[in-house]
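Please open the structure in a viewer and keep the sequence panel in sight. The tour below proceeds by selection, with a short account of what is found at each stop.

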Amino acid sequence: MQVRKILLVGNPNVGKSVVFSRLTGVSVIASNYPGTTVEFCEGGLGSGNKKMAVIDVPGTYSLYPISPAEKVAVEMFDKATEEKNCIVINVIDATNLERNLNLTLQLLKKNIPVIIALNLWDEAKHIGISIDVEKLQKILGVPVIPTVAITGQGIKELVNRLTEAKQGTYEYKDEERWHEIGNIIEKIQVIKHKHHTFAERLSDLTVHPWTGIPIAIGIMYIIFQIIRFIGESLIGYVFEPLFENLWAPVMMAFSRVLGGQGIIHNILIGQLIEGEIDFGQSFGLLTTGLFVPFAAVLPYIVAFYLVLSFLEDSGYLPRLAVLIDKLMHSVGLHGMAIVPMLLGLGCNVPGALATRVLETKRERFIAATLMAIAVPCMAQIAMIFGLIGEYGARGLFPVFGTLFVIWFVFGILMKLVIKGESPEIFIEIPPYRLPYFGALLKKLWMRIKWFLKEAIPFVLLGILIVNLLYSLGIIEFFGRIAAPVITKLMGLPLEAVGALIIGFLRKDLAVGMLAPLGLSLKQLIIASVVLTMYFPCVATFAILLKELGIIDMIKAAVIMVISAFLIGALLNLIL
Amino acid sequence: MAAIDLSQMMAGQTGRIIGFNGGRGLVQRLESMGIRLGVQITKVSGQIMRGPVVVRLGNTQVAIGFGMARKVLVEVD
C-alpha cells in the first residue's frame, strides 16, 4: 500500500509535537484549530511521488471526547478512517503506559493501520521502568518502536517501518478495557523503586500554594523583563538603525523624485515633518506602513512568543492554571482559561481560537468577551509602550491597572448575569521537561510568519484609508458628529476619531495615530484604554463571529462599545 | 481506615480509590486520566479556599477541581 497520509495521535504531553517536528521538514502549515494544546499542524515527509502528508492531531485522552478540542481530534481521526492509504502513528508515553494504552486499545478497534512510537523511552529507563517491547508488539499485533523524539533516537526506524503499520489484532470487550490494560501491563512492564528527582521536587513546589504563588509572581516578573529586554534591544540595535540609516535615505530620495508633495507622495511617503521623514508620524505606506509592523511591533512579538513557547513546552502553564483556578472561578471560568488570556496578550485571534479548550458555551462567551474587552494584544501593547513608556509607571499603570480592574469587574458581572454551570478544572500536570529547541523555533517561526501575514496587509490598508479619509475630509466630518462623545465625555480632541475608525482595522496603527496629536498624558491614558476596549480589530471580530455566532457576537459588541465610552468618561472625571 | 474523599486527604497522604459519588459520565472522565477503582493515589497539594486538588498516580499528576475531588472516595493507607 502506498501511504499518503499519516495522522499523529496520542495523549497530550507525550511529545507528539516533537515527533511531528522530527518527521517533517521546514514547510509546516498551522491550520485553523490553534490554542496551545489544540494546535493542529500539517507538514510533509519524504519527497517526489513518495511524499506523505503528516498531520499532528490535537492531543486526546480517549475517543470519547469532552472538550471541543478533543472533538476536533476525534473528528479528524474518524474522517481519516474513511480514507484509503492513511495510517496512524500512535505516540505513547513510556512513563505512563497504562493511561496511554487506554487510547491505544480504542484505536486498535478502528479500521485503520496503526504503528506505535513508544516515546520518552529514555525518561522511562531513567526512572526505573522497563518495558518488554517485543512482547508488547506481539500482544497488540502492531509494530512498536521505542523513541526519544527529543534526541531523534528511533525516529529513523519509525520512518523505515511505516509500511509495516497494520490494523490491530487485539480482541477485547469495551467494558473490560481497563482490566485488559492491567493484564497487558503485568506481562510487559517492570517498575523498580525510584527516587524523587529534582524536577519532581520543583514540580511539587510550583503547585503548592505557599510556594507556588510567590514563584508564579517571580516568573511573571522575569518574563516581563525578558520581553522588554529582547524587544527593546531588537528595536534599539537592529530595526531602528536599519530604518533610520538605510531606509530613510532611500525614501528621502524617492520623496524628492515625487516632488515632495501631492497625493501619491502623501500616500506612499506621507507628510514630511520639518523636511524629514518621521517613521512614527509621516503615515505613508512605505514609511510608517512598514515601520509599525516591522520595527515597532515585530520585536515584541518575537520576544513574547519566544517566552510563551518556552512556558508552554516546559509544562509550566498547567501549574499556573491550578494556582489561578480560584481567581478564574470568580469570573465564571476555570484555571485553563489562563491559556486564551495569555495567548490573547500575543494576539487576540489565537486567543479567541484557544477558548475552544473550554468545555461550555457560557465559558467560551465569557472568556472571549473578557479577552476582547480587556486584554490588549502585543502589537497594541508595544505601541502603547512607545507612546506612554517615557512617563514610566505614572503613565503605564493607569492604563493596564484600569484594564485589569475592568477584566475582573466585567467577569464577575457576566458570571452573575449569564446563567449556567462553571465546569471544574480537570487537567494533567505533565512533568517539567526542557523544551526541544527545534520544535520551539519551528513554532516561533510559524507564529511570526502568521503575524506578518495578518498584520502587514491591514496596516497598509489602514494607512491607505487614513490618507483617503483625511484628504476627503471624512475624518473631520465624523469628528464633528462624534464631538459630544469624544470631546465632552472623554476629553479627547476631534482628531482622535480617526484612531477610533482605524482601530477597527489594526489597533497598533490606531495607537500610532495618536502620536502626532500632541495629547496630554491624561488623554493618552484615556485613548489607550478606550482603544483597547471599544471594539475588537477586524481579524479578531471575524474569528469571534465564527466562534460565538452572530447573536452572541452582537451581545459582546454592545457590551464593548457601551462600556468603552462609560469607562472613557469615568477616567476623564477621575484622572 | 475509614473512607474519605480526595479533598479531605492531607497533602502527602497516599490511599486507594474505593468508589465514586457520581454518574457514568464522571467516572468515564476520571478513568480517561487513569483515575479508577483500586488505583493507588497520592495527594500532592490542595489550594487555599477550595481550589483544585493535585494528585499523583503512578507517573501522572492530575489537577482536579474541588467539587470533583469530593466525589472521589479513597481509603487512606
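Which helices of chain A are included in what covers the buried residues of α22(A)? The model under view is a predicted one, and the tour begins with this helix.

**First stop: helix α22 of chain A**

Select residues 521–533 of chain A, which form helix α22. The helix has 13 residues and reaches 19 Å from its first C-alpha to its last, close to the 18 Å expected at 1.5 Å a residue. Of these 13 residues, 11 are buried, and the helix is thus mostly covered. Among the buried residues are Gln523(A), Leu524(A), Ile525(A) and Met533(A). To answer the opening question, add α15 (361–374), α16 (378–388), α17 (393–417), α20 (496–502), α21 (507–514) and α24 (550–574) of chain A to the selection: what covers the buried residues of α22(A) includes these helices.

**Second stop: helix α21 of chain A**

Keep α21(A) and hide the remainder. This helix is mostly covered, with 8 of its 8 residues buried. The buried residues include Lys507(A) and Asp508(A), as well as Leu509(A) and Gly512(A). Its cover includes α11 (288–314), α16, α18 (437–471), α20 and α22 of chain A.

**Third stop: a loop residue**

Proceed to Gln261(A), in the loop between α9 (209–257) and α10 (263–268) of chain A. Is Gln261(A) buried or exposed? Gln261(A) counts as exposed, because it has 12 C-beta neighbours inside 10 Å. Now select Gln271(A) also: the two residues are 10 residues apart along the chain, and their C-alpha atoms are separated by 8.0 Å.

**Fourth stop: domains and an enclosed strand**

Colour chain A by its two domains, domain 1 (5–191) and domain 2 (209–574). Their centres, taken over C-alpha atoms, are separated by 38 Å.

Next, select residues 114–119 of chain A, strand β6. This strand is largely enclosed by the rest of the structure, because 6 of its 6 residues are buried. Val114(A), Ile116(A) and Leu118(A) point one way from β6(A), while Ile115(A), Ala117(A) and Asn119(A) point the other way. In a regular strand, side chains alternate between the two faces of the sheet. Strand β5 (residues 86–93) of chain A runs parallel to β6(A), and 6 bridges join the two. Within this pairing, Asn90(A) stands opposite Ile116(A).

**Fifth stop: where chain A meets chain B**

Display both chains. The contact takes 27 residues from chain A and 25 residues from chain B. On the side of chain A that touches chain B, α3 (97–108), α8 (198–207), α12 (317–329) and β10 (426–429) each supply at least two residues. By class, that side has 13 nonpolar, 7 polar and 7 charged residues.

Select β10(A) together with strand β5 (residues 60–64) of chain B; they pair in the antiparallel sense over 4 bridges. Phe426(A) has Ile64(B) as its bridge partner.

**Last stop: the sheet across the chains**

Extend the selection to the open sheet of 7 strands, in the order β10(A)-β5(B)-β4(B)-β3(B)-β2(B)-β6(B)-β1(B), with antiparallel pairing. Which strands stand at the edges? They are β10 of chain A and β1 (3–5) of chain B; each has a single partner strand, so one side of each is left without a neighbour in the sheet. The twist averages 40° from one strand to the next.

Finally, select β1(B) with strand β6 (residues 72–76) of chain B, its antiparallel partner over 3 bridges. Here Ile4(B) stands opposite Val74(B).

Notes:
Residues numbered from 1 in each chain as written. Chains lettered and ligands numbered in written order. Predicted model: local features only at pLDDT ≥ 70, side-chain atom pairs only at ≥ 80, totals over all residues. Domains from an automatic or database assignment. Contact = placed C-beta atoms within 7 Å. Nonpolar A, V, L, I, M, F, W, Y, C, P; charged D, E, K, R; others polar. Pairing = 2+ DSSP bridges. Expected span 1.5 Å × (residues − 1). Buried ≥ 20, exposed ≤ 12 C-beta atoms within 10 Å, placed from the backbone. Axes fitted to C-alpha atoms, helices over the stretch in contact; angles between N-to-C directions.
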